[in-house]
Amino acid sequence: MAFCLEEYTPPPPPANNDCANAEGLTVNTDLACGTVTSGTIASATASGEDETTCSGTEDDDVWYSFVATATSHEIDLINITNGTTDLYHSVWSGTCGSLTNILCSDPNSSTASGLTIGETYLLRVYSWTSTSGQTTSFDVCIGTLPPPPVNDDCANAISIAAGGTATGATSSATNIENLTPCSGGGNGGFCSTGGTGTIDFGAGVWYVYTSSVLGETITVSTDNPGTNFDTEIQIFEGSCGAFTCVG
């Protein structure tokens with residue numbers, strides 16, 4: 001019986017193994033990820049920062065930093081190879097040793113909101129698993145969402161005339177919250193049959209139609225050619241902040 005012994009020296013930890021050595025990231029002006037930063041958790045070790053706020057096992061974390069150019073940024077871990085694809089990431093404000101959590105995310109794509117333009121934030125990346133020896137490589141992309149539509153808020157609703165049309169989009173629209181569900185009418189979705197309280201209608205945009213005929217019946221529809229966007233429509237009468245749901 002013969003044995004062959006070969007000495008193996010693992011690679012050194014990544015340069016950004018610790019919070020204090022976070023690697024700076026370029027913030028893209030859009031979501032196309034034209035500029036990314038390559039990284040790896042191979043040979044990374046626990047940094048000793050807060051390890052209780054987020055999930056996963058932070059025993060192979062690496063650190064990055066970026067300066068916010070908008071109040072929200074999309075974070076994407078892409079081109080994941082050489083190991084587990086189940087990565088975890090979190091965003092923090094403050095300084096190493098005194099960090100405040102902004103975001104925890106198991107999905108490899110997330111949106112960090114409520115940011116302060118010009119402030120530096122820290123991004124922590126590690127594997128979910130507690131199994132040691134992970135060698136995963138990846139690219140990090142920090143993207144910038146487009147601005148909200150002009151009719152993102154009720155007060156800025158776009159006017160549509162009788163028989164008219166309007167082109168719109170919900171990209172970067174913000175939540176329409178605290179609206180009372182419809183009572184009767186409607187074909188499901190967010191309209192209930194006698195529900196009470198409030199519900200979150202998700203991201204939406206606003207339009208306004210002014211009727212000149214008492215008791216007029218109107219039909220509202222959307223057309224989304226070439227997309228699988230599942231539109232929900234709700235009709236209110238009244239004014240912003242004082243609605244009655246009609247369908």
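Start by selecting Glu 232: with 41% relative accessibility, Glu 232 counts as partly exposed (buried is under 20% relative accessible area, exposed over 50%, partly exposed in between, with a 1.4 Å probe and protein chains only). You'll find Glu 232 in the loop between strand S11 (207–208) and strand S12 (236–239). Helices (H or I, at least four residues) and strands (E, at least two) are DSSP runs here, numbered from the N terminus. Now add Gly 204 to the selection: Glu 232 and Gly 204 sit 28 residues apart in sequence, with 9.0 Å from C-alpha to C-alpha.

A word on what you have loaded. This is a predicted model, where local features need pLDDT of at least 70 and side-chain atom pairs count only at pLDDT 80 or more, while totals for chains, interfaces and linings use all residues. Residues are numbered from 1 along each chain as its sequence is written, and side-chain values use heavy atoms, leaving out hydrogens and water.

Next, zoom out and colour by secondary structure. The chain has zero helices and 13 strands. Of its 247 residues, 31% are buried. Look at contacts (heavy atoms within 4.5 Å): among those with a separation of 6 or more, 70% come from residues 24 or more positions apart. Switch on the surface and the chain exposes about 14,300 Å², with carbon and sulfur atoms supplying 51% of it; areas come from the Shrake-Rupley method with a 1.4 Å probe, and for residues only the protein chains shown count as cover.

Now go for the rings. Rings of Phe, Tyr and Trp (its six-membered ring) pair if their centres lie within 6.5 Å; planes under 30 degrees apart count as stacked, over 60 as edge-to-face and the rest as tilted. That rule gives five aromatic pairs. Select Tyr 88 and Tyr 126: their ring centres are 5.4 Å apart and their planes at 25°, so this pair is stacked. Tyr 88 belongs to strand S5 (residues 87–95) and Tyr 126 to strand S8 (residues 120–127), so the pair ties together parts 38 residues apart in sequence. Buried or exposed, what is Tyr 88? Tyr 88 counts as buried, at 5% relative accessibility, and Tyr 126 is buried too, at 0%. Add Trp 128, and you have one aromatic cluster of Tyr 88, Tyr 126 and Trp 128.

Last stop: the second largest pocket. Its lining includes Ala 70, Leu 145, Pro 147 and Thr 174.

Key. On a 1 Å grid over the protein atoms alone, a cavity is a set of points where a 1.4 Å probe fits but cannot get out, and a pocket is an open set with protein on both sides within 12 Å along at least five of seven lines; lining residues have an atom within 4 Å of a point.
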